Amino acid sequence: MKTNIKAWWLGHSAFRLESPNGQVIYIDPFLSGNPKTPDEFKTPDDVDFILLTHGHEDHVGDTLNIAKETGCTVVAQVELSHLLKKNGLEEDQAVEFNKGGTIHFDDFSVTLVSANHSSSFGGEYAGEAGGLVISFEGDICFYHLGDTNIFTDLEIYGEMYDPHIIAVPIGDYYTMGPQEAAMCCEMIGAKVAVPIHYGTFPVLTGTAEEFKKFTEDYSETEVVIPEPGEQFLGG
Ligand SMILES: [Zn+2]
């Protein structure tokens, strides 16, 4: 796949992406408290954007600290964004949207799509959980499913956005497990799937190997399994 996007998986649902123009994007930066995140990724200081799928602690993670330290833009669903601002996020750093909405930045755009999950932050209602479709101009589309189980809209998203890479929760317990996740790959039809949200805590028992096996049975999608901290895309 020819792409100018760089991507690292940082453990759990967290990613670091670099756009063609060099914009540094973090998704769900649960880092300092994440037992799988390598030390060198726990306190990033070069961040332009944080994109959030929903309000749970294992996704919002270090967002408020990173935003304070770096002045980055934080993109989140409306109710979650309000709670983040109540907890110290500066107004001019917050970009809010809701499902179906697309925000355009310099060389990429982000669309908030459905996920089948709940969302709260600090015990308060944080709107609905979502997935993030990140489309890089003239380049690939990266679809982070957030926390979810299987649902039929995934087929529409696959058709509409034609994502090259999908990040798929497989850990079971709080999200779908490997078999359901593999069926999602068949529905979306992406070229590459990266398993996420597994192995972080003992209850997340789904394994990447099971996911790979089921996915190969069900679909043409290639499963790529990075180590936490590993760059799996771009040079
Ligand atoms: Zn989660």
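**Reading a zinc site, a helix pair and two backbone angles**

Author: Tyrosine 173 counts as exposed, because its relative accessibility is 56%, over the 50% cut-off. The model discussed here is predicted.

Reader: Where is tyrosine 173 found?

Author: Tyrosine 173 is found in the loop between strand E13 (165-169) and H5. Although tyrosine 173 is not a glycine, it has a positive phi of about 75°.

Reader: Which value does phi take at histidine 12?

Author: Histidine 12, which is not a glycine, has a positive phi of about 55°. This residue lies in the loop between strand E1 (6-9) and strand E2 (15-18).

Reader: Does histidine 12 count as buried or exposed, and why?

Author: Histidine 12 counts as buried because its relative accessibility is 1%, and buried means under 20%.

Reader: I turn to the metal. How should the angles at a metal be read?

Author: Ideal angles at a metal are 109.5 degrees for four tetrahedral donors, and 90 or 180 degrees for six octahedral ones. In this structure, the zinc ion has as its protein donors Asp58 (OD), His59 (NE2), Asp147 (OD) and His197 (NE2), at 2.1 to 2.3 Å.

Reader: Why is the arrangement of the four donor atoms around the zinc ion described as it is?

Author: The four donor atoms subtend angles of 90 to 175° around the zinc ion, so the arrangement is irregular. A tetrahedral assignment would require all angles to lie between 85 and 135 degrees.

Reader: How are the donor residues of the zinc ion spaced in sequence?

Author: Their spacing is D-H-x87-D-x49-H. Aspartate 58, in helix H1 (residues 57-60), and histidine 197, in the loop between strand E14 (192-196) and helix H6 (208-218), link distant parts of the chain, being 139 residues apart. Aspartate 58 counts as buried because its relative accessibility is 16%. Histidine 197 is also buried, with a relative accessible area of 1%.

Reader: What describes two packed helices?

Author: Two packed helices are described by the angle between their axes and the distance between the axes. Here, helix H4 (residues 153-161) and helix H5 (residues 178-188) have axes that come within 7 Å and cross at roughly 45°. H4 and H5 are therefore oblique to each other.

Reader: Which residues make the contact of H4 and H5?

Author: H4 contributes Leu154, Glu155 and Gly158, while H5 contributes Cys184, Met187 and Ile188. The residues of this contact divide into four nonpolar, one polar and one charged.

Notes: Residues are numbered from 1 along each chain as its sequence is written. This is a predicted model: local features need pLDDT of at least 70, side-chain atom pairs count only at pLDDT 80 or more; totals for chains, interfaces and linings use all residues. Side-chain values use heavy atoms; hydrogens and water are left out. Axes are lines fitted to C-alpha atoms, for helices over the stretch in contact, and angles run from 0 to 180 degrees between N-to-C directions. Helices (H or I, at least four residues) and strands (E, at least two) are DSSP runs, numbered from the N terminus. Angles under 35 degrees count as roughly parallel, over 145 as roughly antiparallel, 65 to 115 as roughly perpendicular and the rest as oblique. Contact means heavy atoms within 4.5 Å. Ala, Val, Leu, Ile, Met, Phe, Trp, Tyr, Cys and Pro count as nonpolar, Asp, Glu, Lys and Arg as charged, and the others, Gly among them, as polar. Donors are N, O and S atoms within 2.8 Å of the metal (3.2 Å for Na, K and Ca); water is not among the atoms, so sites may look incomplete. Four donors count as tetrahedral if all angles lie between 85 and 135 degrees; four count as square planar and six as octahedral if opposite donors are over 155 degrees apart and all others between 65 and 115; anything else is irregular. Buried means under 20% relative accessible area, exposed over 50%, partly exposed in between (1.4 Å probe, protein chains only).
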